[in-house]
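Q: Could you walk me through this model and show me how to read its features, one at a time?

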Amino acid sequence: MNYVKECDVVVIGGGITGTAILRELSKYDLKAVLVEKEPDLAIGTTKANSAICHAGFDAPVGSWKARTNVRGNELYHQLKEELHLDLKWCGSLVVATTEEEVQTLQELLARGRENGVPDLQLLSREEVLAQEPNLTTALGALWAPTAGVMWPFGCAIAFAQCALQNGAEVLRNCGVNGFIKEEGRITGVQTDWGVIKTKYVINAAGLYADAIARLAGDDSFTIHPRKGEYILFDKTASSSLVYGVAFPCPTKKSKGILVCTTTHGNTFIGPNANDQEDREDTSVTLEGMDQLITAAKKLVPQLPLGDSITLFAGLRAVSSTGDFVLGASPKVPGLFNAAGIQSPGLSAAPAVAEVLVEALGREIKKKKK
C-alpha cells in the first residue's frame with residue numbers, strides 16, 4: 001500500500017482539544033500528525049462559545065469534567081505567559097437573585113472546594129454591587145477569582161504553532177473517511193490526502209467524534225448537538241453591563257445564560273441551550289433571542305439592547321455518557337477518544353491533553369512488555 005505519510009499518532013480534529021493534544025504529544029519522541037477536515041483550525045465549536053476559563057466548581061465531583069477543568073485552569077495560568085495567550089483573569093460570579101438560589105450558592109461552594117477550586121468566597125449583595133454595580137437584582141454571589149476569559153481561536157492556534165515548532169505536523173482540508181486495520185488493530189487512516197500509516201489514533205473530532213469512532217468500529221457512545229445563541233454588544237455598552245463574568249445559578253442542563261466580558265472589550269449575553277439533530281445549523285432564531293434577553297434581564301434589568309452589534313450561535317458536542325469520553329477505546333485497539341467535549345471543554349483542554357497522552361503512554365508501555 002502507498003502511504004502519503006507515516007507517523008506514530010494521528011490526531012483527528014483541529015479544535016482546542018485536538019491542538020492541545022498535538023502540543024502535548026510534541027513534547028515526546030513521537031511523530032504526530034493532526035488532520036482537520038476544514039480549511040482552517042478552530043472553526044467548529046472552538047470559534048463560537050462563551051470563551052470562559054472556568055474555575056471548576058460546577059461539574060460533578062469526581063467527573064472528568066471536574067478533574068480536567070480544575071487542572072486545565074491551573075495549566076492556563078502557566079501557559080498564558082509561556083504561549084502569550086490572550087487571556088484575562090477577571091474572575092467569575094454566580095449570582096443569586098432569590099433566597100432559594102442563595103442556598104444553591106452554598107452547594108456550589110461546597111462542591112467547588114471538594115473539586116479543589118482555590119479561593120472561592122461567598123459575597124453579600126453589597127460586595128457584589130461594589131464589584132459589578134449593574135447586577136442590581138443580586139442578593140449574593142459565589143466569587144471564583146481563578147476564572148477568566150480568553151480568545152479560543154488564538155489559544156488553539158498557539159497550541160498548534162507550539163506543536164509545529166516541536167516537529168509535529170498539521171494537515172488541513174484533510175477529512176477522514178476510513179481506517180486500515182490488521183488483526184483488528186488500527187494501522188492506517190484513510191483521508192482526503194491518502195492513507196496515513198500510524199500506530200495510534202486520537203479522536204478529537206468534536207461534533208463528529210461518534211461518527212469517527214463508529215467508522216473505526218467503536219459504538220460505545222453517541223454525540224448530539226446542543227445549540228447556544230449569543231448577542232454581542234458594542235464596546236461602548238460595557239459600562240452598562242459587567243466588567244467580568246456573571247453567571248446565573250446553574251440548571252441541570254447548562255450553566256445558564258450569562259453576561260460576560262471578552263478579551264477584546266465587548267460584552268455578550270448567552271448562551272441558551274437547545275438540543276437539535278443538525279450538526280451544522282448555527283442559525284439564530286427569534287425565539288432564542290427572546291430567551292437570551294428575558295434571562296439576562298434577571299441579572300441586568302437595564303440591558304442596552306440598542307448597542308447590540310451582532311448575533312451568533314455555536315454548537316456543543318453533548319455525549320450520551322453525560323461526561324467527557326476520554327481514553328482508550330473499549331472496542332478498537334489503537335483508538336483513543338477525546339469526545340463529548342462540551343463546557344468546560346475550553347478550560348479543560350490542556351488537562352484533557354495530559355490525560356490522553358498518559359493513556360497513550362500506558363498503551364505503549366503495555367505493548368513493549
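Q: Which residue in β9 is the bridge partner of Ile-52?
A: Happy to help, and one note before we start: this is a predicted model. To read a pairing, look for the residue bridged to yours on the neighbouring strand. For Ile-52, the bridge partner in β9 is Val-149. Strand β9 covers residues 148-150, and 2 bridges join β4 to β9, the two running antiparallel.

Q: In what order do the strands of that sheet lie?
A: The order is β4-β9-β5, an open sheet of 3 strands with antiparallel pairing. β4 (52-53) and β5 (87-88) are the edges: each has a single partner strand, so one side of each has no neighbour in the sheet.

Q: What is the strand order in the open sheet of 4 strands, and how is it paired?
A: Here the order reads β1-β13-β12-β11, and the pairing is mixed. Its edge strands are β1 (5-6) and β11, each of which pairs on one side only. To see the mix, take the two neighbours of β13 in turn. β1 and β13 run parallel, joined by 2 bridges, whereas β12 and β13 (residues 194-197) run antiparallel, joined by 4 bridges.

Q: Which residues mark those pairings to β13 on screen, for example the partner of Lys-5?
A: Lys-5 has Ile-196 as its bridge partner in β13. Ile-196 is also the bridge partner of Val-189. In addition, Gln-190 stands opposite Val-195 in β13.

Q: How many residues does the hairpin from β12 to β13 pass through?
A: The hairpin joins β12 to β13 through 2 residues.

Q: Now a helix: which residues of α6 are buried?
A: A general idea comes in handy here: an α-helix has 3.6 residues a turn, so residues three or four places apart point the same way. In helix α6 (residues 209-216), the buried residues are Ala-209, Asp-210, Ile-212, Ala-213 and Ala-216. These residues span an arc of only 160° around the axis, which puts them on the same side of α6.

Q: What covers the buried residues of α6?
A: Several strands take part, including β2 (9-12), β11 (176-182), β12 (185-191), β14 (200-203), β15 (223-233) and β22 (335-339). For the orientation, α6 lies across β11 and β12, running at about 35° to β11.

Q: Which residue follows α6, and what is its phi?
A: Gly-217 follows the helix, and its phi is positive, near 110°.

Q: Is Val-10 buried or exposed?
A: Relative accessible area is the value to check, and under 20% counts as buried. Val-10 is buried, with a relative accessible area of 0%. You will find Val-10 in strand β2.

Q: Which residues does Val-10 touch?
A: Leaving aside residues up to four places away in sequence, Val-10 touches Val-33, Val-35, Val-189, Ile-196, Thr-198, Tyr-200, Val-201 and Ile-202. You have met two of these before, as Val-189 and Ile-196 are bridge partners.

Q: How many aromatic pairs does the structure hold?
A: There are 5 aromatic pairs. Read each one by its centre distance and the angle between its planes. Tyr-200 and Phe-336 form an edge-to-face pair, 6.2 Å centre to centre with 65° between the planes. Tyr-200 lies in strand β14 and Phe-336 in strand β22, so this pair ties together parts 136 residues apart in sequence. Tyr-200 is buried at a relative accessible area of 4%, and Phe-336 counts as buried at 1%. For the rings of Tyr-230 and Phe-268, the centres are 5.4 Å apart and the planes are at 75°, so that pair is edge-to-face. Tyr-230 sits in strand β15 and Phe-268 in strand β18 (residues 267-270), with their positions 38 residues apart in a link of distant chain parts.

Q: Which aromatic cluster do Tyr-230 and Phe-268 belong to?
A: Tyr-230, Phe-268 and Phe-312 form one aromatic cluster. Both Tyr-230 and Phe-268 are buried.

Q: Where does the charged end of Arg-67 sit?
A: To read this feature, find the ring under the charge and the distance to the ring centre. The charged end of Arg-67 sits over the ring of Trp-64, 4.1 Å from its centre. Likewise, the charged end of Arg-279 sits over the ring of Tyr-208, 5.8 Å from its centre.

Note on methods:
Residues are numbered from 1 along each chain as its sequence is written. This is a predicted model: local features need pLDDT of at least 70, side-chain atom pairs count only at pLDDT 80 or more; totals for chains, interfaces and linings use all residues. Side-chain values use heavy atoms; hydrogens and water are left out. Two strands pair if DSSP finds at least two bridges between them. Buried means under 20% relative accessible area, exposed over 50%, partly exposed in between (1.4 Å probe, protein chains only). The arc is that of the directions from the helix axis to the C-beta atoms. Contact means heavy atoms within 4.5 Å. Rings of Phe, Tyr and Trp (its six-membered ring) pair if their centres lie within 6.5 Å; planes under 30 degrees apart count as stacked, over 60 as edge-to-face and the rest as tilted. A charge sits over a ring if NZ of Lys or CZ of Arg is within 6 Å of the ring centre and within 35 degrees of the ring normal. Axes are lines fitted to C-alpha atoms, for helices over the stretch in contact, and angles run from 0 to 180 degrees between N-to-C directions.
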